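Reader: I'm used to gels and columns, not models. Could you walk me through how to read this one?

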Amino acid sequence: ISIIDGSAGLRMLLTSFIRTRFPDAEIEEIDPFSQTMRGAGFLFGTSGDVIILGGLGTRKEALDAIARLTGREQCPPIIVLGAKELTQQPDELIAAGAFDVLRKDALSSVRLCRCVARAAAARGTGASNSPTIAAGESVPEYANAANFGDFALVTQGDRTVVEIDGYRCLSTLTSGTLADVFFAEHFDADDKVVIKLLTASPLGNMDAVGAICARQKLLDGCQSPHIVSTFDTGVTSGFSYVVMEYLAQGDLRRRMKNTVDTASSLAIMAGLFDALHALHAMGLVHADIKPESIFFRQDGSVVLIDFDIATPTGHCLTGSKAAEGGKVLGTPAYVSPEQGAGLPIAATADIYSAGIVLIELLTGEVAFSGDTPAQVIFRHIHDEIPLLPLRIRYLQPLIDQMLAKQPSDRFQSAAAAKRALQTFLPVQSRDGGL
């Protein structure tokens, strides 16, 4: 597959989309405006199976590029990625030789990969027999519906409307520094979803796009019921987005508005350890465990969401040093000492954060607070581990090992932490899942 577009970030993201569905695909990324290429179609071969052609500003440019490519022998099917104006009347481009025309500025990975599969089948490669949806992924057939819903972003007081393929916006759930999150539904069904638009990672930021692609590659291999399901990914107006299942039971923060008894708190923590076990098995550290990232399914089971800053085990989170103007990647009230200090993190960092969540569940108070993020992080690093109230002091050994200042002194895995926690659960509540 040849991907031709002037945006390196978009090429990288499209490669990630395609490799998710077709892991064995050979993909060539081509910049049509490089010094060695004077316009799309001149200096590269057409012996592959599919060409994805972007970088087209006008209808004339599109027609000229298609003519150059189709003028060669054995030209593969050409999928044109164009702006909205190009895709509103695709018949002329298809008549000129394009296989299909897709919106470049509002592109669904599901739609793209299904188009690639059809194009490869038309080429006669047999790729039509390849799955376009990863095993176990619940993406409905109507995902090919050509409807684009409006989603409003408010950045520094300015309102911008972007379009997302196949979904209409019902409401804005949150708007933060990393992402805007929307409640939405599909145009052709009653399916409710959550769409996260990663506004802090524009396609022009190659490091951010590379991190998104690396995380998604690892998460795509996860089949755990404790990790939120992803239905689609895509790009709109220069930002990537992800479409996830809607978890109607809400998050742990909402539950904590009412008193959660000790047994229930421990059961929730056991479910969180199941989720962390699945995540850590993929080589990822969540790095932002907090009540807002812990959700529940209808049956009460725990589901982990929000992987915006998840990082491979043993890596540092760039910019997480407290000395850098008090800015951290993660939520200061829950970060581990090593994360706050900008050191490499591993599974033990998530276990520490889970311990902070457990203290809040048990007592109703955060373990460490302060006037600034830097003050909170300082307390994580230097203050004594909080002492539990007498009524639950029997849980202190569990808390002490989860919140040990040195990662080597903590539980070394979520499975080990859960085994220790189970000794405090009522027999009927124990889950032998790990």
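Author: We'll go through the sheet, a pair of hairpins, the empty spaces and some backbone angles. First, the ground rules: this is a predicted model, so local features need pLDDT of at least 70 and side-chain atom pairs count only at pLDDT 80 or more, while totals for chains, interfaces and linings use all residues. Residues are numbered from 1 along each chain as its sequence is written, and side-chain values use heavy atoms, with hydrogens and water left out.

Reader: Let's start with the sheet. What order do the strands of the open sheet have?

Author: The general idea is that strands of a sheet pair through backbone hydrogen bonds, either parallel or antiparallel. Strands here are DSSP runs of E with at least two residues, and helices are runs of H or I with at least four, both numbered from the N terminus. Two strands pair if DSSP finds at least two bridges between them. In this model, an open sheet of five strands runs in the order S2-S1-S3-S4-S5, with parallel pairing. Its edge strands are S2 (28–30) and S5 (100–103), each of which pairs on one side only. On average, neighbouring strands are turned by 20° against each other, direction ignored.

Reader: Which residues are bridge partners between S3 and S4?

Author: S3 (residues 51–53) and S4 (residues 78–82) pair in the parallel sense over three bridges. Ile51 has Ile78 as its bridge partner in S4, and Leu53 has Val80.

Reader: Is S4 mostly covered or exposed?

Author: In a regular strand the side chains alternate between the two faces of the sheet. "Buried" means under 20% relative accessible area, "exposed" over 50%, and "partly exposed" in between, using a 1.4 Å probe and protein chains only. For S4, five of its five residues are buried. Ile78, Val80 and Gly82 are on one side, Ile79 and Leu81 on the other. Helix H5 (residues 109–123) lies across S3, S4 and S5, at about 170° to S5. Contact means heavy atoms within 4.5 Å, and axes are lines fitted to C-alpha atoms, for helices over the stretch in contact, with angles from 0 to 180 degrees between N-to-C directions.

Reader: What about hairpins? How many residues join S9 to S10?

Author: A hairpin joins S9 to S10 through four residues, and S10 and S11 form another with five residues between them. S9 and S10 run antiparallel, joined by seven bridges, with Asp180 in S10 as the bridge partner of Ser175. S10 and S11 also run antiparallel, through six bridges, and Val181 stands opposite Lys196 in S11.

Reader: Why is S10 largely enclosed by the rest of the structure?

Author: Seven of the seven residues of S10 are buried, so the strand is largely enclosed. Both faces are covered, with Asp180, Phe182, Ala184 and His186 on one side and Val181, Phe183 and Glu185 on the other.

Reader: Now the holes. How much space lies in the largest pocket?

Author: Rolling a probe the size of a water molecule over the atoms shows where empty space is left. On a 1 Å grid over the protein atoms alone, a cavity is a set of points where a 1.4 Å probe fits but cannot get out; a pocket is an open set with protein on both sides within 12 Å along at least five of seven lines, and lining residues have an atom within 4 Å of a point. Grid points are joined across faces, edges and corners, and a volume is the space filled by probe spheres set on the points. The largest pocket holds about 930 Å³. Of its 32 lining residues, the closest to the centre are Thr174, Val181, Lys196, Glu292 and Asp306. Strands S9 (167–175), S10 (180–186), S11 (192–202) and S13 (239–245) each supply at least two lining residues.

Reader: And how many cavities of 30 Å³ or more are there?

Author: Two. The largest cavity has about 60 Å³ of space and is lined by ten residues, with Thr20, Arg21, Gln216, Asp220 and Thr233 nearest its centre. H1 (8–21) gives the largest share of that lining, four residues.

Reader: Last one: which residue in the loop between S12 and S13 has a positive phi?

Author: Most residues other than glycine have a negative phi, and most peptide bonds are trans. Ser237 has a positive phi near 50°, and sits in the loop between S12 (230–236) and S13. Asp306 is not a glycine either, and has a positive phi of about 65°; Asp306 is in the loop between S16 (302–304) and S17 (311–312).
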